[in-house]
Amino acid sequence: MHDKDFHFMKLALGQAKLALQSNWIPVGAVFVKDDRVVTYGVKNGLAHVLFDHAEHNGCYQALWSRQGPSNLQGFTVFSTLEPCLMCLSMLMTTRVSRIVYAFPDPYGGGCSILQQPQLLPYRFQKEHPEVRGGVLADESKALLRKFFLRLQQKNVKSKNWSDSENPLVKLAIAD
């Protein structure tokens, strides 16, 4: 266990709170190398909604900054929600070393695939990130719960987040 995981996850939760204040799903990410924050990721409303993910945006910032590395080897990504398959794929392609997430995503989370590396494309079977889940999960759940209940109270219809059968929504609003 890495004691610093809690510190960096608190920073990611800060980003998630910013997303919630903007009425976006509260997911935040922090990209760390050598115990130093390199960049943050949060929904920003600039990219197409399908690609506007905290991990996706943070990855672009880390790679495209003026001093950006050619890949993210040696980086740890802290995310308040288990990365989806798209983001996991991006993080693996950029060679992120570790992924630490707070709350599991039974709706779209992709990290469980790493438990069966033989199912991965050949290039990722032996080289994929270490994953740790559940770091400050209750804090992340509280933000997600607030978001989903707010949508329900306002009767907002959203294809994914208004679906009462969505397993992430169910898990987040469960007592």
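## Exercises on salt bridges and helix packing

D5 is buried, with a relative accessible area of 2% (buried means under 20% relative accessible area, exposed over 50%, and partly exposed in between, with a 1.4 Å probe and protein chains only). The model is predicted, so local features need pLDDT of at least 70 and side-chain atom pairs count only at pLDDT 80 or more, while totals for chains, interfaces and linings use all residues. Residues are numbered from 1 along each chain as its sequence is written, and side-chain values use heavy atoms, with hydrogens and water left out.

**Exercise 1.** Determine which residues are joined with D5 into one network of salt bridges.

*Solution.*
Step 1. A salt bridge is a side-chain nitrogen of Lys or Arg within 4 Å of a carboxyl oxygen of Asp or Glu. The side chains of D5 and R98 meet this definition, at 2.9 Å from N to O. D5 lies in helix α1 and R98 in strand β4 (residues 98-103), 93 residues apart. Helices (H or I, at least four residues) and strands (E, at least two) are DSSP runs, numbered from the N terminus.

Step 2. R98 counts as buried, at 9% relative accessibility.

Step 3. R132 also forms a salt bridge with D5, with the closest N and O atoms 2.7 Å apart. This pair links strand β5 (residues 130-132) to helix α1 across 127 residues.

Step 4. Salt bridges that share partners thus join D5, R98, E130 and R132 into one network.

**Exercise 2.** State whether K4 and D35, which form a salt bridge, are buried, partly exposed or exposed.

*Solution.*
Step 1. The closest N and O atoms of K4 and D35 are 2.8 Å apart. K4 belongs to helix α1 (residues 4-21), and D35 to the loop between β1 (28-33) and β2 (36-42).

Step 2. K4 is partly exposed at 44% relative accessible area, and D35 is partly exposed at 48%.

**Exercise 3.** Describe how helices α2 and α3 pack.

*Solution.*
Step 1. Two packed helices are described by the angle between their axes and the distance between the axes. Axes are lines fitted to C-alpha atoms, for helices over the stretch in contact, and angles run from 0 to 180 degrees between N-to-C directions.

Step 2. Helix α2 (residues 54-64) and helix α3 (residues 85-93) pack at about 25°, with their axes 9 Å apart.

Step 3. The two helices are therefore roughly parallel (angles under 35 degrees count as roughly parallel, over 145 as roughly antiparallel, 65 to 115 as roughly perpendicular and the rest as oblique).

Step 4. The contact (heavy atoms within 4.5 Å) is made by E55, H56, C59 and Y60 of α2 and by M86, C87, M90 and L91 of α3.
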